[in-house]
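Q: I am new to this structure and should like to learn how its features are read. May we go through them in turn?

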Amino acid sequence: MSKPHAIVIGAGFTGTAIAHDLALRGFDVTVVERGPIANGTSGRTHGLLHSGGRYAVKDQESAIECIEENIILRKIVPDVIEPNGGLFIAVTEDDLAYKETFIQGCEACGIPVDEITPQEALRLEPNLNPKLLAALIVPDGTFDPLRLALSFAASAKKNGAVFHLFTDVVDMLLDGSGNVTGVKVWDRTNGERYDIHSDIVVNATGAWVGQITKMAHAHVPIKPTPGIMVAYDRRLVNRAINRLNRPSDGDIVLPQRRLAVVGTTSFSIDDVDYVPIDRQQVELMLQRGAELIPAIRQARERGVYMATRPLIGASGPGRSISRTFKAYDHKDLDNVDGLVTITGGKATTCRAMAEKTVDIVCQKLGLNIPCTTAEVPLTSYRAFYA
Amino acid sequence: MWKITYRVHRQKGHEAPHYDTFQVEVDPEEYVLDGVEKIWAFEDRSLTFRHACHHSTCGACGMRVNGVEKLTCITKIKDVTQDGGTLTVEPLRNFPIVSDLVVDLGPLYRKMEAVQAPKVHPLSMAPWEGEDIRPPKEVPAPPEGGEYIRLPDCLECGICISACPVAASDPDYLGPAPLAAIQIQGLDGHPELLALADSQEGVWRCHSAFECSAVCPSNVDPGWRIMDLRKQVATQRLKTIIG
Amino acid sequence: MKADKHNSKGFWDWFNPAGRDVGGWAFILNRISALGLAFYLYLHLFVLGKLAQGPEVFDQFIAAAKSPLYIAGELLVIAAALYHGLNGVRLVLNSFNIGVPRQKQMFYTALALTILGTLVFATRMFAG
């Protein structure tokens, strides 16, 4: 049998990680992406390499995924990570009351957590709110969004994957029984339209998965949940600074190059293609960010952006939905063969998402090839353009 | 809300370039890139442009706005036009055009790889805070040991290459960002970098227009760095002559 | 993503003033003055060649050389030489990493001295 051919729709974190995994497992891989690499939610992520601490109390499944993947990503793609750790700080009595629950959660999930004195925290991060009451160190990090996706893409390309960027999937190719056999695409760099046939199609379009499944008369339960991020023009901290409390608005401040980025919010939308910026939320980020890092008020706004999380499940407010991911075989879901959809998850867990998805793909095609992405270091992101 | 006109460079396949105009309603506080994305979302789905992080950490959205190189994600609309005004958006110069506003940054990435530009580096190696300002103040070492690591200032966005008049006539010139990356590493113990910097396409090719420093969105100040690298090259060569 | 249409006009872009900052203008003036001086050198050799053709030609030339148009041309050569030389000093200093953060002020100084010098020559030449 010749190599099986897989089409991956979407070149965000998940799509590029899947392309890399498929290529390593010996597939012929074609990636179709309607924009450049990581132009959707992936590019616009906050950039937090989660230790899992944020989810250690209410969403332990995600927390465990995060800490496991955090360790793997540091090993396979150190070129795009600032591995400086993170702090959870308490600035109110309510925060302080959360401390023990938080520590217990971290311990239950295997997340190393160390308490340091407020004085020590201020020595490490002089721009912290001087009124802080407690500080805990966890192995958070930050990463460069585009370069993380580019590293996976470059590695996939090195192993033979072909990328069609600025190419929209306009329809599915279906056989007589409604099973997916490929995609119809529109290359917007030259206006050409053509068909690509494959043994399997992987829908890795994140918040946009519904647009693709609709073409195959299939469905997935997905709740696009955007949040705002505001970048300020000064690198005020070297670590990820989190509010020691239940996840809420504007409770994380991250360093990135010469910037500090505050995020985020959580609300619902209908149109995922364009999410306008809400200036009230910008103001909220400044207020909430300044509770952690007062010097943000002396910095200037440098950029504002919205990113749309692809949360799984159709009910409940965004904050209560698990951050875990799910891969769906549409044969089981809608009796449509040839199509697998992956969504949900976090940037931090993109490699695990790819592993799970490609496991399903292999199983469907009757192949038994082990995943090696946890051990294989990624190629330089610059190689994608070479 | 403002009503402004975007005049956008278009080019598909091998067709001749032309400009399309779009009337767009925008919040003046929005950024130029938001308007471009709005045109794609609501006016013309065939438009192609590069973007990813929308806050100046990835360097994907470099374009020419009214003729000047900008990272469009941090360029506020109110700073480059007024209500009822026109914005001309064009792709970067001195790179091959893929389509519309998209250029192929491959030549730059290959050069950055050739000069071993650091992808992350210790905090202490962080560039100065701009002209004449010393490195960021001392920060205590992490208690876990080692050093803080950070991503470099240079975004590899290609804006400096686009603004460089020498890069216009010599595609093989290493150019501002790669030369700056050599300068940041220093030439001591790097004979291969000395060879690149002192080559025909190295520091001596620069003609001091300082346009790179004028447009750099990330305080790399490549012009200053090229001049400093010249001094470093001369010093290294003198050392070998004197012995 | 293969592309072959290099988005540049080659050396014509040296003179493209679109989007240029102060340093770019200094560069453009430096290139123009260099080309002007190179052209003048050939013109000069051509005129010298004429002188060898005899006294009549020489006298004709001297008469022409006293016309205001000719003096204006000479002033242009003087301005170009002054600018190119003074800007050259700026660039040499910069190349030793001296005064790079003040390259704009250095350019303004070179330009001011060029204008001043040209004016001095102008008053003398038109008076004489």
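Q: Which residues have the most contacts inside the largest nonpolar core?
A: A nonpolar core is a set of buried Ala, Val, Leu, Ile, Met, Phe, Trp, Tyr and Cys residues joined through side-chain atoms within 4.5 Å; buried means under 20% relative accessible area, exposed over 50%, and partly exposed in between (1.4 Å probe, protein chains only). Here the largest core has 132 residues, and Ile37(A), Phe163(A) and Tyr6(B) have the most contacts inside it. Apart from it lies another core of 38 residues, including Ala121(A) and Ile296(A).

Q: How should the model itself be read?
A: It is a predicted model, in which local features need pLDDT of at least 70 and side-chain atom pairs count only at pLDDT 80 or more, while totals for chains, interfaces and linings use all residues. Residues are numbered from 1 along each chain as its sequence is written, chains are lettered from A and ligands numbered from 1 in the order in which they are written, and side-chain values use heavy atoms, without hydrogens and water.

Q: Is Asn84(A) buried or exposed?
A: Asn84(A) is buried, at a relative accessible area of 6%. Its side chain reaches the backbone oxygen of Ile149(B) at 2.8 Å. Contact means heavy atoms within 4.5 Å; among the residues that Asn84(A) touches, leaving aside those up to four places away in sequence, are Asp140(A), Arg235(A) and Tyr148(B).

Q: Where is Val89(C) found?
A: Helices are DSSP runs (H or I, at least four residues), numbered from the N terminus. Val89(C) belongs to helix H3 (residues 68–95) of chain C and is partly exposed, with a relative accessible area of 48%.

Methods:
A polar contact is a pair of N or O atoms within 3.5 Å; within protein, one must be able to donate a hydrogen and the other to accept it, and residues adjacent in sequence count only if both atoms are side-chain atoms. Helices (H or I, at least four residues) and strands (E, at least two) are DSSP runs, numbered from the N terminus.
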